[in-house]
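Subject: The structure I promised you

Hi there,

Here is the structure we talked about, so open it up and have a look around. Once it is on your screen, read on and I'll walk you through what turned up.

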Amino acid sequence: MEDMVSKVILFDFDNTLANTTKLKEIREARKYDLLTEDILEPIKPYRPIPKLLEYLKSKGAILGIVSNSGRTYINIMLSHLKISAYFDTVVTYTDVKMEGMKPSPKGILLALENLNASPNQSILYVGDEFTDMVAAYRAGITPVLASWASKNPINTAPAIEMSSTMLAQYVQEPDEYKLFAERCAETNSSNFLRKACYFLPLDGSCNVITMRDEMSIFCLGRYFSQSSPSTALLHDTHALSQEIAKKEKVKDYSVPKYWHSMIGHVIKNAESYLNDEFDLISVIPAKKGKPKRLEEMLNGVQDYLKDKKTYEYNANLFYFIDDALSQKKLDRSERKLESDRSLHLTEDFIELIQNKRILIIDDVTTTGATFMRANTLLIEAGAKKVLGLVVAKTVSIIDDERLCPICGRVMWLRTNGQTHERFFSCSGRGDKINPCAHTESLIKRSCPQCGRPMRTKTRKKDNVLFWGCTGWNQDPACSYSESI
């Protein structure tokens with residue numbers, strides 16, 4: 001089963017396998033009789049698709065399609081494009097109806113059921129829109145942005161952006177194709193065998209794009225939010241998210257040493273990728289009273305690059321005003337207003353930035369508001385060009401609300417302070433007039449040996465999460481456990 005799962009690849013159809021933008025009105029109106037030979041004649045598969053599908057099948061890959069379009073339309077299109085024989089399952093709107101349309105994971109889960117495969121991070125879903133990425137995350141598989149497909153920016157970060165060549169190689173070397181910072185976090189090093197250092201190109205608004213000439217930010221990984229079940233579960237087993245979360249939990253936290261070489265390596269090689277050079281490197285500063293983590297990290301990056309090339313470094317180009325707010329609980333528009341209000345350029349260094357090509361480093365970005373403000377300040381003050389480099393982009397998925405079966409109020413996601421197990425708690429717990437203390441496990445899982453509920457637990461010696469049977473101290477006892 002594991003060999004098969006590592007080769008299961010699902011695809012979106014429209015604007016992923018072929019450019020069907022011209023058929024949108026026909027498709028949405030379901031006027032399939034208008035799909036005549038003349039209308040379909042100019043619609044071709046994207047150039048790499050036929051050879052890619054043929055190669056994947058030759059390597060034993062199991063392929064499927066999950067589309068929001070109707071069955072009749074998909075059948076017509078697959079026949080026209082002459083690619084229907086490559087797919088082992090096809091799931092359409094006809095199978096899942098309105099409530100199962102992406103970003104719902106229902107179509108992906110049905111496709112996996114058809115293939116007798118369980119959700120797994122080794123399974124890919126390849127698409128071109130944010131709904132594809134969200135559906136994949138919610139289904140528990142890995143979202144991939146197709147670089148050959150439509151060029152529209154998306155805000156929900158995929159696991160990686162892949163060319164057809166990368167996707168073809170994935171079935172042989174799945175571990176190779178991870179974002180650079182995520183691989184570094186898994187090994188606690190930047191010194192490991194690799195073919196390349198993969199990153200997500202972002203525009204100035206922090207959207208993921210596929211056009212290099214529109215790129216404003218290098219993004220080396222993802223940070224999974226803990227605000228929803230889909231991303232909270234990923235957070236708990238994602239090394240980079242765990243590392244980034246330490247800054248809120250560990251007193252006097254400093255970024256790990258491998259970040260110095262990781263970021264230094266990207267800086268050194270970014271110039272060849274961009275066919276351009278940097279003159280000055282800086283960071284987004286700490287707010288008043290906060291540890292100067294990035295400022296200290298810049299010293300480590302400078303030390304790593306000292307024998308590579310001479311750059312100018314200045315960790316004090318910007319400053320936050322004393323009453324600058326944390327942006328964690330602000331929405332996108334509020335973040336922009338707060339960044340414009342609180343981040344400023346240090347006047348002493350205005351001459352330093354004249355006609356310079358400047359790289360600004362930050363650890364995590366969500367909306368890009370801070371970078372947009374930094375970019376505006378520098379360009380208005382005379383900088384020639386500004387680029388950003390971030391360790392991670394926040395992935396936050398809005399899941400369907402879970403309602404309390406006792407009182408009907410919304411259930412909130414919480415974390416047990418002792419066991420670190422995540423669970424749902426009724427929002428009415430603190431209601432003084434009509435309290436409700438109902439709780440539910442985040443995931444309902446039964447022990448395969450005794451049938452009792454299983455819970456996530458933390459191994460004390462290394463803080464690794466695992467599934468443990470709740471019957472360990474009951475009669476008859478059951479000590480069954482398994483890795484997450």
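Let's begin with a pair of strands: how many bridges join strand S2 (residues 62-66) to S3, and do the two run parallel or antiparallel? There are three bridges, and the strands run parallel. Before going further, keep in mind that this is a predicted model.

**The six-stranded sheet**

S2 and S3 belong to an open sheet of six strands, ordered S3-S2-S1-S4-S5-S6, and the pairing is parallel. At the edges you'll find strand S3 (89-91) and strand S6 (160-162), each of which pairs on one side only. On average, neighbouring strands in this sheet are turned by 30° against each other, if you ignore direction. To see the S2-S3 pairing up close, look for isoleucine 65, which stands opposite valine 90 in S3. Helix H8 (residues 130-139) packs on this sheet, where it touches strand S4 (124-127) and strand S5 (142-146). The direction of H8 makes about 160° with that of S5.

**The cores**

A bit of background first: in soluble globular proteins, nonpolar side chains tend to be buried together. Here the largest nonpolar core has 78 residues, and Phe11, Phe87 and Leu378 touch the most other members. Helix H5 (residues 71-81) gives this core its largest share, five residues. Try clicking on phenylalanine 11: leaving out residues up to four places away in sequence, its contacts include Leu63, Gly64, Ile65 and Val66, as well as Phe87 and Tyr125. Another core lies apart from that one, with 42 residues, including Ala185, Leu220, Ile263 and Val301.

**A helix to check with a ruler**

Which residues of H14 are buried? They are Arg293, Leu294, Glu295, Met297, Leu298, Gly300 and Val301. These buried residues pack against helix H12 (239-249), helix H13 (258-274) and three strands: S10 (280-283), S11 (312-313) and S14 (357-365). You can also do a little sum on helix H14 (residues 293-304): at 1.5 Å a residue, its twelve residues should span 16 Å, and the end C-alpha atoms are 17 Å apart, so the two agree.

**Cysteines**

How many disulfides does a search of the whole structure find? Zero. For cysteine 206, the nearest cysteine sulfur is that of cysteine 219, 6.9 Å away. Cysteine 206 is also buried, with a relative accessible area of 0%. For cysteine 450, the nearest cysteine sulfur belongs to cysteine 469 and is 3.5 Å away. The cut-off for a disulfide is sulfur atoms within 2.5 Å, so neither 6.9 Å nor 3.5 Å qualifies. Cysteine 450 counts as partly exposed, at 34% relative accessibility.

**The three-stranded sheet**

Last stop: another open sheet, this one with three strands in the order S16-S17-S18 and antiparallel pairing. Its edge strands are S16 (411-415) and S18 (439-441), and each pairs on one side only. Five bridges link S16 and strand S17 (residues 422-426) in the antiparallel sense. As a landmark, tryptophan 412 stands opposite serine 425 in S17. Helix H11 (residues 229-236) packs on this sheet and touches both S16 and S17, with its direction at about 150° to that of S17.

Have fun exploring, and write back if anything is unclear.

Cheers

How values were computed:
Residues are numbered from 1 along each chain as its sequence is written. This is a predicted model: local features need pLDDT of at least 70, side-chain atom pairs count only at pLDDT 80 or more; totals for chains, interfaces and linings use all residues. Side-chain values use heavy atoms; hydrogens and water are left out. Two strands pair if DSSP finds at least two bridges between them. Helices (H or I, at least four residues) and strands (E, at least two) are DSSP runs, numbered from the N terminus. Axes are lines fitted to C-alpha atoms, for helices over the stretch in contact, and angles run from 0 to 180 degrees between N-to-C directions. Contact means heavy atoms within 4.5 Å. A nonpolar core is a set of buried Ala, Val, Leu, Ile, Met, Phe, Trp, Tyr and Cys residues joined through side-chain atoms within 4.5 Å. Buried means under 20% relative accessible area, exposed over 50%, partly exposed in between (1.4 Å probe, protein chains only). The expected span of a helix is 1.5 Å times one less than its number of residues.
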